[in-house]
Amino acid sequence: MSHLFDAPEGLRMARQELSVHDFTDGWTLFRKLALADTLNFTFWFNTAFRAIIHMQDSDHYIQSSDAAALGLPLFLRIYTVRQEIELHRKALACQLPTFLISPACNTEDICKDAWASAWFEYFALRLVHPDEPVCDRDILIEMESHSNWPDLCEFCHIDNVRDLRSMYPNPFDGEECIIRRALGEPEDDAIMIDDE
Ligand SMILES: [Zn+2]
C-alpha cells in the first residue's frame, strides 16, 4: 500500500523485495503485471506485458480471476493489442508477398506457382492457425528454409527472401511495432532486419 501514501521507504523496500524474487516464481503473469503497474516498475511491466501478449489462447488464457487482478484498464489494453495483432496476421496472410523471377532462374512458370502455393497453403495458414498461430517474425525465419518451398528453385528462393528481409518498413515487423506502440517504446528500434 506504500504507493498510496507518501512512503518512499516502503516503496523502495517493496521494489527491492520484488526484484530479488524470480520473475516467474509463484505469481501469475497477470498479478505481476498489475503489481508492476501499481509500482510503476517499467521493466517488470514490459516483460510481463510481452509474455501475456505472446501467450497462445490454448495456454490457459485470461480467466476471470486474472481479469480481476488486472482491472478493467489493463485488461482492455491487453485485449486491444491482441486484437490488433490478430488483424495484422490476417491481413498479412491474405497478401501474397511480392515475387520476382531470379535472373538465374530456368523454371519461371514453376517458380511463380510454387511461390504462391507455398505461401497460401503453408505460411499463411500458420499465421492464422486457430490453435497455434505463428508470429510474423517466426514466419519470416521459416521462409528462409528452402525446404519449406516445394518446387521453388534455389535462385528464386534466395533472391526473394533476401528482398523480403530488406523491405522497409517491413510487414513482418508489424507485431513488434504494435507492441512497442502499446508500451510507448520507439518503433524504429523494432527493426530486426540486418541484411548482412
Ligand atoms: Zn526460379
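In the predicted model, Arg-77, Val-81, Glu-84, Ile-85, His-88 and Leu-92 of helix 5 are in contact with Gly-174, Glu-175, Ile-178, Ile-179 and Ala-182 of helix 9. The axes of helix 5 and helix 9 approach to within 10 Å and cross at roughly 160°. Since angles over 145 degrees count as roughly antiparallel, helix 5 and helix 9 are therefore roughly antiparallel to each other. The handedness of the crossing between helix 5 and helix 9 is right-handed.

Helix 5 and helix 9 also take part in the packing around helix 3. The buried residues of helix 3 pack against helix 5 (72-94) and helix 9 (174-183), and also against helix 2 (29-39). These buried residues are Phe-45, Ala-48, Phe-49 and Ile-52. Viewed down the axis of helix 3, the buried residues lie within an arc of 105°, so they line one face of the helix. The length of helix 3 was also examined. Helix 3 comprises twelve residues (residues 42-53), which at 1.5 Å a residue should span 16 Å. The C-alpha atoms at the two ends of helix 3 are 16 Å apart, in agreement with that expectation.

Over the whole protein, nine helices and zero strands are found. The order of elements from the N terminus is accordingly written α-α-α-α-α-α-α-α-α. Of the 196 residues in the protein, 21% are buried. When contacts between residues at least 6 apart in sequence are considered, 63% of them join residues at least 24 apart.

One contact across the sequence involves Asp-151, which is located in the loop between helix 7 (136-143) and helix 8 (154-165). With its neighbours within four places in sequence left aside, Asp-151 is in contact with Ile-110 and Ala-114. The C-alpha atoms of Asp-151 and Ile-110 are 6.9 Å apart in space, although 41 residues separate Asp-151 from Ile-110 in sequence. Asp-151 has 12 other C-beta atoms within 10 Å. Because a residue with 12 or fewer such atoms counts as exposed, Asp-151 is classed as exposed. The loop residue Asp-151 is thus exposed, whereas Phe-45, Ala-48, Phe-49 and Ile-52 of helix 3 are buried.

Key
Residues numbered from 1 in each chain as written. Predicted model: local features only at pLDDT ≥ 70, side-chain atom pairs only at ≥ 80, totals over all residues. Helix = DSSP H or I, 4+ residues; strand = E, 2+ residues; numbered from the N terminus. Expected span 1.5 Å × (residues − 1). Buried ≥ 20, exposed ≤ 12 C-beta atoms within 10 Å, placed from the backbone. Arc of directions from axis to C-beta. Contact = placed C-beta atoms within 7 Å. Axes fitted to C-alpha atoms, helices over the stretch in contact; angles between N-to-C directions. Parallel < 35°, antiparallel > 145°, perpendicular 65-115°, else oblique. Left-handed = near helix turned anticlockwise from the far one by under 90°.
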